[in-house]
Amino acid sequence: MRLILNVIWLVLAGFWMAVGYAVAGLICCILIITIPWGIASFRIANYALWPFGREVVDKPGAGTGSLLGNVIWIIVAGLWLAIGHIVTGVALCVTIIGIPLGLANFKLVKVSLVPLGKEIVDVP
């Protein structure tokens with residue numbers, strides 16, 4: 001079931017959201033200071049391509065640096081990516097078949113706003 005949902009997700013929403021994260025990652029990697037945000041953005045792009053069967057958990061040891069970094073991320077790119085997830089999620093929830101995909105989009109809103117201090121793990 002996860003494979004089917006991931007393939008449908010990839011076609012309807014995942015590819016475009018991953019492109020958005022990849023563009024944000026490239027922009028962040030151009031400047032030396034914002035490389036940690038670029039790396040986090042590429043991690044989330046991978047997660048946005050294939051979200052079913054994985055989840056986001058808090059990384060142990062993330063502290064004040066992650067908090068300050070997340071505030072900067074929200075201002076630079078996080079807000080726009082979160083809006084993209086919300087709009088796509090609402091559009092997918094219009095149909096019965098799209099409801100699981102819309103819920104996955106809403107699950108990605110949290111990580112799109114605060115990516116630092118998070119870790120993507122496989123669900124057993």
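**Exercise 1.** Is W9 buried or exposed, and what is its relative accessible area?

*Solution.* Keep in mind that this is a predicted model. The relative accessible area of W9 is 0%. Buried means under 20%, so W9 is buried.

**Exercise 2.** Work out how many aromatic pairs there are, and describe the one that W9 forms with F52.

*Solution.* Let's start with the count: there are 2 aromatic pairs. In the pair of W9 and F52, the ring centres are 6.3 Å apart and the planes meet at 85°. Planes over 60 degrees apart count as edge-to-face, and that is the class of this pair.

Next, place the partners. W9 belongs to helix 1 (residues 2–30), while F52 sits in the loop between helix 2 (35–49) and strand 1 (54–58), so the pair ties together parts 43 residues apart in sequence. Finally, check F52 itself: its relative accessible area is 15%, so F52 is buried.

**Exercise 3.** Now classify the pair of F15 and W16, and say how accessible each residue is.

*Solution.* The ring centres of F15 and W16 lie 5.0 Å apart with the planes at 80°, so this pair is edge-to-face. F15 has a relative accessible area of 41% and is partly exposed. W16, at 59%, is exposed.

**Exercise 4.** Describe the surroundings of L12 in helix 1.

*Solution.* First, accessibility: L12 has a value of 49%, so it counts as partly exposed. Second, contacts: beyond neighbours within four places in sequence, L12 touches L92 and L101. Third, distance: the C-alpha atoms of L12 and T88 are 9.1 Å apart, although 76 residues separate the two in sequence.

How values were computed
Residues are numbered from 1 along each chain as its sequence is written. This is a predicted model: local features need pLDDT of at least 70, side-chain atom pairs count only at pLDDT 80 or more; totals for chains, interfaces and linings use all residues. Side-chain values use heavy atoms; hydrogens and water are left out. Rings of Phe, Tyr and Trp (its six-membered ring) pair if their centres lie within 6.5 Å; planes under 30 degrees apart count as stacked, over 60 as edge-to-face and the rest as tilted. Helices (H or I, at least four residues) and strands (E, at least two) are DSSP runs, numbered from the N terminus. Buried means under 20% relative accessible area, exposed over 50%, partly exposed in between (1.4 Å probe, protein chains only). Contact means heavy atoms within 4.5 Å.
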